[in-house]
Amino acid sequence: MLRGFNGESVKVTEGLFRKRMDVNIDYLKELDDTALLQNYYFEAGIIIPGLMMLEDPANSGLHWGWEAPTCQLRGHFLGHWMSAAAAVVANNGDEMLAAKLRHIVSELRKCQELNGGRWAGPIPEKYFEVLTTDRYIWSPQYTIHKLLMGLLDTYKYTGNEEALTILSGMADWFIDWTEDMKQRKPEAVFKGEQAGMLELWADAYSVTGDDRYMKLADTYKGQGIFKLIRAGKDALTDDHTNASIPIFQGAAKMYEITGDEQWKQMVETFWDSAVTTRGMYATTGANAGEFWIPPMKLGEYRGDRGQEFCTVYNMVRVADYLFSWTGDTKYSDYIEKCIYNGFLVQQNSETGMPTYFLPLTTGSKKKWASKRNDFWCCQGTMIQSSTKYPELIYSADDESKTLYINQYIPSTLNGKIGETDITFKQSLDMRIYDAQTLFDEHSTQEKSRWKLRFELSGEADITEITFAFRIPGWVTDTPWISVNGEAWPDKVNESEDLDNAVIEKSNIKTIYKAGGYMNASGLESGDVIEIFFPSEIRAERLPDMPYQAAFVDGPIVLAGLTENVDVIYGDFDKPEGFLDKVSERTYDIFIWLQNNYRTKNQPKNFKLIPLYDVKDENFTVYFEEQEKRI
């Protein structure tokens with residue numbers, strides 16, 4: 001099993017991902033503590049100054065939408081905020097955010113004490129009694145799960161013992177409630193959108209070793225969907241997407257703490273059903289209106305309510321589990337598509353706010369959340385998403401002394417591989433002009449974002465470490481490599497058997513292998529590796545309507561800036577026949593526009609840009625292929 005690196009070890013440096021992380025951190029800081037805690041205060045009977053009577057709701061300073069005191073889901077967002085804030089504090093030591101987090105935890109403890117010492121929730125305990133009836137209640141276990149997750153993450157990332165004390169009291173409450181339900185209404189334990197509870201309690205056990213948490217995990221492991229998965233049936237079609245994915249995160253955590261292969265098989269079977277046999281849009285989504293699409297019916301279900309952001313975030317977490325067990329690059333490739341076409345695409349680059357769904361119809365427009373008046377579920381997962389970047393970039397196999405470079409995001413790793421200390425810096429191969437830009441120097445002088453630079457430093461035995469660079473699935477030719485400015489032999493590019501070609505030069509060895517990695521060993525402190533990954537634009541067709549396709553450049557889905565054009569004349573397998581590159585000097589993250597194109601020979605030509613660069617424009621992702629004009 002591969003080991004990941006925590007946020008303390010990996011710092012994301014300049015560029016697109018750093019910019020998006022900073023936008024998110026600014027939002028975490030600007031939210032008012034009292035407003036974040038408002039529903040916890042109300043439930044504990046604490047009067048917020050000036051709000052005994054609400055004479056001017058619009059200017060009260062309260063949070064509204066799903067956080068309004070009238071909403072049954074109220075209070076869920078604070079748990080997400082705590083998880084995100086704790087991850088940021090662990091990553092960069094931000095003292096302002098750390099102080100906010102400590103204050104919020106101490107206030108939650110006061111609420112818990114006023115509620116009798118165990119219950120710390122933002123909703124009444126009686127909501128759980130409603131689960132024993134046929135009355136509708138909006139997801140009380142979902143709401144409380146977010147609080148519990150935030151408390152556990154705060155303890156894991158920052159060592160806050162008071163957060164663990166609150167979690168412990170809530171665990172006692174849940175033990176009593178679940179024992180009561182087992183006697184009176186066993187099915188109630190699995191109502192109220194409780195999908196995340198299995199992973200939560202299993203993770204709490206793995207962190208603390210407290211048997212109470214394992215007892216709760218055992219209670220929540222009786223998920224009905226597990227029986228369908230074991231039977232090899234399609235358990236997902238028309239099922240609520242985001243209510244099912246976290247169940248299998250729980251199965252993954254159970255495998256890691258028990259070693260029982262049945263849990264692993266269940267997660268792998270889920271993946272096969274959710275991704276392999278179901279198919280996905282170019283942007284990775286496979287849901288419509290919060291429900292799983294039937295296998296390979298993507299064209300039929302393509303609409304304005306697709307790719308709920310929560311599902312993208314949670315599928316990345318499932319893929320991360322599977323990658324850590326297997327090292328299979330198909331999971332890292334999937335994560336890469338998700339972060340470019342979900343994490344970035346569904347985050348507003350200026351406000352950090354999410355779009356709940358990603359529309360994929362002609363002339364679509366993203367609907368952004370407001371900062372204080374929506375608080376959708378996706379607003380919660382969005383603030384957590386960019387805090388995951390440091391954890392997704394590198395992995396290690398300490399036994400074989402291998403460092404895996406999984407994602408190509410400018411960053412610095414300071415950590416250990418086995419017992420060896422190492423500093424590994426990854427950057428875009430650039431020239432500086434107030435920003436980053438990339439140049440492919442080795443052939444046609446074209447500017448490319450896929451030329452990368454890696455600098456190594458560490459102890460003398462760094463030569464024993466193998467560096468495994470993922471070869472992305474979208475790479476169209478053999479990667480170009482140089483070590484310390486010296487290009488590797490051209491025969492690498494001409495090898496017929498890349499899977500086993502071994503090239504030795506000086507004391508350095510590079511191996512191309514079927515596992516999707518390019519391995520380099522024998523490197524010394526101070527060595528610099530440069531890699532260029534060749535890519536080209538391609539059409540990704542819908543399986544049930546192959547005459548419709550999205551255009552993808554490397555892992556990046558392109559969006560046509562058009563409100564009413566969804567037909568392109570030309571052969572989609574030869575996009576160079578109807579697309580030209582667009583270069584322009586900019587003063588943003590890149591000096592030159594990246595991945596921009598313009599159609600040609602069309603009745604009405606338009607520009608295509610990365611979907612993550614679309615903010616308020618109308619856009620179209622899927623186009624119909626017509627080889628000849630009618």
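Two residues are in contact here when heavy atoms of each lie within 4.5 Å. With that cut-off in hand, a good place to start in this predicted model is W173. Leaving aside neighbours within four places in sequence, W173 is in contact with R118, W119, E125 and F128. One of these, E125, is also a polar partner: the side chains of W173 and E125 are joined by a polar contact of 2.8 Å. W173 sits in helix α7, which spans residues 161-184. Its relative accessibility is 8%, and because the limit for a buried residue is under 20%, W173 counts as buried. For a sense of scale across the model, the C-alpha atoms of W173 and S457 are 50 Å apart in space, while the two residues are separated by 284 places in sequence.

A second helical residue invites a similar look. D203 belongs to helix α8, made up of residues 197-208. D203 is buried too, with a relative accessible area of 12%. Once neighbours within four places in sequence are set aside, the contacts of D203 are L152, K156 and K253. With K156 there is a polar contact between side chains, at 2.8 Å.

K156 leads on to the largest pocket, since this lysine is among the residues that lie nearest the pocket centre, together with R317, Y321, K388 and E391. The lining comprises 48 residues, and the space within the pocket comes to about 1,300 Å³. By residue class, the lining is a mixture: 18 of its residues are nonpolar, 17 are polar and 13 are charged. The side chain of K156 thus appears in two parts of this account, as a polar partner of D203 and, through its residue, in the group nearest the centre of the largest pocket.

Turning to the strands, an open sheet is built from 7 of them, in the order β2-β7-β8-β9-β16-β11-β12, with antiparallel pairing. The edges are taken by β2 (10-12) and β12 (486-487); each has a single partner strand, so one side of each is left without a neighbour in the sheet. In general, strands of a sheet pair through backbone hydrogen bonds, in either a parallel or an antiparallel manner.

Within this sheet, the pairing of β7 with β8 can be followed residue by residue. Strand β7 covers residues 411-417 and strand β8 covers residues 420-428; the two run antiparallel and are joined by 7 bridges. In this pairing, G415 stands opposite I422 of β8.

Key: Residues numbered from 1 in each chain as written. Predicted model: local features only at pLDDT ≥ 70, side-chain atom pairs only at ≥ 80, totals over all residues. Heavy atoms only, no water. Pairing = 2+ DSSP bridges. Helix = DSSP H or I, 4+ residues; strand = E, 2+ residues; numbered from the N terminus. 1 Å grid on protein atoms, 1.4 Å probe; cavity = no way out; pocket = protein on both sides within 12 Å on 5 of 7 lines; lining within 4 Å. Points joined across faces, edges and corners; volume = space filled by probe spheres on them. Nonpolar A, V, L, I, M, F, W, Y, C, P; charged D, E, K, R; others polar. Buried < 20%, exposed > 50% of the residue type's maximum accessible area, 1.4 Å probe, protein only. Polar contact = N/O pair within 3.5 Å; in protein donor to acceptor, adjacent residues only side chain to side chain.
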